[in-house]
Each structure stands twice: as structure tokens, then as C-alpha cells.
Amino acid sequence: MTDRLGELSAAGVAVWLDDLSRVRLSSGGLDQLRREKHLVGVTSNPTIFAKALSDADEYDWQLRDLATRGVHVEEAVRNLTAYDVRWACDVMRPAHDATAGVDGRVSLEVDPRLAYETEKTVAEAKALWWLVDRPNLFIKIPATLAGLPAITAALAEGVSVNVTLIFGLDRYSQVMDAFLAGLEQAKANGHDLSKIGSVASFFVSRVDTEVDKRLEKIGSAEAKALRGKAAVANARLAYERYTEVFSSARWQALADAGAHPQRPLWASTSTKNPDYRDVIYVEELIAPGTVNTMPESVIDAFADHGEVRGDTVTGAYDDARRVFAGLESVGVDMADVIDTLEREGVEKFEASWNELLDGVRKSLEAAVKGTGHPGAAAKGSAEAARKAGGNA
């Protein structure tokens, strides 16, 4: 049989899973994906954790212990999520060791309510880094304006960072600059740069969702012909900027000191429009040195019928620019699209986080009362979290 995921990996795309749960860990499912489907990384978010908590009783013993200790709900969330992420880090450690620390990474997100507070984000990132205490951890920090200096500060302390919620090209350039500044400071602080990792999570399908909505509203034939093209074009132009930055003299000085590049990570790669090919955001974004984090359904779909046609990015920059020119000509304001997506992205994750807190609060109360299994108390909150956060 054709090993399509193996071909994807050989083309330079690291296959990561956009999901995590204690059931997946305890059943051996995550390790099986690592061994059988070329999986070399894991990402998570508040919506994922809210669902995981409500769907299984594997959390009950820990919820009871936390309730017995009288732990505050926010600290309980840290303990619950850190436990899963620490376990996942251990499962993925072989991939980490096999790639000299590049892959085998597992991401844990900073409280998204801190997205506009730099100092609190840095403090939380350091606390989570200490709590999980694994070399293959990534701390997720959003790419808001307030997040940029937090990215630099965390890296300067030796904390590996997954920069999340990147939608636009100019913000992506700022993220790369924040990464370089962080490594320069880390080097000055005496850190071993080879131990520090980073990815830049550039969101894909949400761009098409927002742009297509605007194209439908415009309604002309020219506008409708551009549906389903903005997201891939946007990501391809992001990769062009990546190649420029990581071929610069500034980067080379850090590479000479042992640093690994901050790879582009294609996030939000499940297809939201059923009219589009279900693996479009994988097939059309194949390029060396990238990461594609997918729900298991997309991993399975690509394993079944995905096509690896070599590098589908670097030869397509002019086509991407033509798409952007076409969007401008029909009246789509991409700057406004990006601003809208960033604002909504933060709001969705904030809503999911609040629902996660609510679910854990109910679970702690149930554990104290001894009514049923504590995780079941979070079921309603998890459903609300899924609706609030949507799919990545």
C-alpha cells in the first residue's frame, strides 16, 4: 500500500495531531499514531481539553484529589492540562530524540484571557514551562501585539514557544522578528540555543471561511471565482517571507550558535466547506521545513487519498499574488479580514477557556458531593465550549 503520510514526511512536512485527551493517552492511541502514521507532534487548545474532560472518567481520581485539597479552579485546570501534556511529551519523546529536538513537541496554551497582557503572559508561560518540566514542550502564546514582546521574553528565558493565532503576513513578519530577538537575548543570557524550539502557527481554513463569506456577499462572477483561494495564497506568501528571513545574515549568526529555525506550522487545516477537497490544506501547502497539524480525521483522509506532488508552495508565489490582486479588485479588504480573524480568534479561545473553567468548577463540586463521576458534570460546559471555539 502507498504510505502517503510517509511521502508527506519525506517531502519535509512534519505531521502533527491537533488533539489530545487522557483517553488517547491511556489507550495507547497517541503512541500508535506516532509509530504507525509518522506523527511527530501534538497541539492542543481549550476547546480540546473541555471535550476531553467531559468525555471520560480517567480524570475522576485527579478531580477528586484536587477537590479534596481545595484547589482553586484555575489551578485545577493547570494541573489537569499539565498532566496530559506531560504524559504526551513522554509519549512523543522518541520523535524528539530522533530529530535532535526539532520534533516530538507537545503544545500547551497560555490562558487566552491574557492575550493583551504582556507581563502576565510571560509569567504564565514560565509557570507552565516549570509545571510540565519536559524539554519537548511548547508554550502557546498568541500573536497579538501584546503577545510579540511576550514571545521574545519567553524565548530569552529558554522557554520553547508555539506562536498561535497568526493570520496575516505583516504580523507573521513581526513574529519572526520577535523570535530572532528572543534567541539573541537567550544567547546573551547563556542559554543553549539548540535546546530552544519554536513554530509559528499560521491559520489557514479560517481565512477562506471569512473571505468566502465576503465574496458571496459581493456576488459578482469575478468574486465567486476567487472562493477557496485566499487561504492557500496567504500561507504560500507567508512561506516566501519565511525563506527570506531564514536565509538572512541575522539568522545565520544564530544558526551558527546552534539555533533551529522557527518553522511555519499550518494550523486550522480541516476543510470547513464540504465543496472543497478534504485534504486541500495539506496537499496545497507542501514545502520543506513546515509542520501541518491536523485533526485525526484529516490525517486519516490524507493516509487514504492524499497526494504528494512535491513542493506545492515555492513555485506558486506569483499565483498567490494574483489571487491577492483579484481579491483587492473585487473589493475584499484583506487587512480588515486579518483584523477580524485575530479578534474573533482570541474571543473564541477566551470563550472556550471560560467554558473549560466552568466545566472544571462543576466537576470539582461534583467530586466534593460524591455525585456520579466528576467529569460528567462538565458535559454541558464542553458542548458550549465546542460551539464557542469551533474547530481550529
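**Entry 1. Strand E3**

I take a residue as buried when its relative accessible area is under 20%. The model I examined is a predicted one.

I began with strand E3, which spans residues 105-109. I found E3 mostly covered, with five of its five residues buried. I then looked up which way its side chains point. Arg-105, Ser-107 and Glu-109 point one way from the strand, while Val-106 and Leu-108 point the other way. I recall that side chains in a regular strand alternate between the two faces of the sheet. In E3 the residues pointing either way are all buried.

**Entry 2. Partners of E3**

I next asked which strands pair with E3. Strand E2 (residues 39-43) is joined to E3 by two bridges, and the two run parallel. On this side, I noted Val-106 of E3 as the bridge partner of Val-42. Strand E4 (residues 137-142) also runs parallel to E3, and four bridges join the two. Here I found Leu-137 of E4 standing opposite Val-106. I followed the chain from E3 to E4 and saw that it crosses through helix H7 (residues 118-132). I recorded this β-α-β crossover as right-handed.

**Entry 3. Cavities**

I searched the whole structure for cavities of 30 Å³ or more and obtained four. The largest cavity holds about 90 Å³ of space. I counted 14 residues in its lining, and those closest to its centre are Asp-18, Thr-43, Lys-140, Phe-203 and Ala-267. I then sorted the lining of the largest cavity by residue type and obtained five nonpolar, seven polar and two charged residues. Which strands each supply at least two residues of this lining? I identified strand E5 (161-166), strand E6 (198-203) and strand E7 (263-267).

**Entry 4. Leu-215**

I turned last to Leu-215, which I located in helix H10 (residues 205-218). Is Leu-215 buried or exposed? I record Leu-215 as buried, because its relative accessibility is 0%. I then listed the contacts of Leu-215, leaving aside its neighbours within four places in sequence. The residues in contact with Leu-215 are Ala-223, Leu-226, Arg-227, Leu-327, Val-330 and Val-332. I also looked up the separation between Leu-215 and Thr-314. The two are 99 residues apart in sequence, and their C-alpha atoms are 27 Å apart in space.

Methods:
Residues are numbered from 1 along each chain as its sequence is written. This is a predicted model: local features need pLDDT of at least 70, side-chain atom pairs count only at pLDDT 80 or more; totals for chains, interfaces and linings use all residues. Side-chain values use heavy atoms; hydrogens and water are left out. On a 1 Å grid over the protein atoms alone, a cavity is a set of points where a 1.4 Å probe fits but cannot get out, and a pocket is an open set with protein on both sides within 12 Å along at least five of seven lines; lining residues have an atom within 4 Å of a point. Grid points are joined across faces, edges and corners, and a volume is the space filled by probe spheres set on the points. Ala, Val, Leu, Ile, Met, Phe, Trp, Tyr, Cys and Pro count as nonpolar, Asp, Glu, Lys and Arg as charged, and the others, Gly among them, as polar. Buried means under 20% relative accessible area, exposed over 50%, partly exposed in between (1.4 Å probe, protein chains only). Contact means heavy atoms within 4.5 Å. Two strands pair if DSSP finds at least two bridges between them. A crossover is right-handed if, with the strands pointing away from the viewer, the path from the first strand over the helix to the second runs clockwise.
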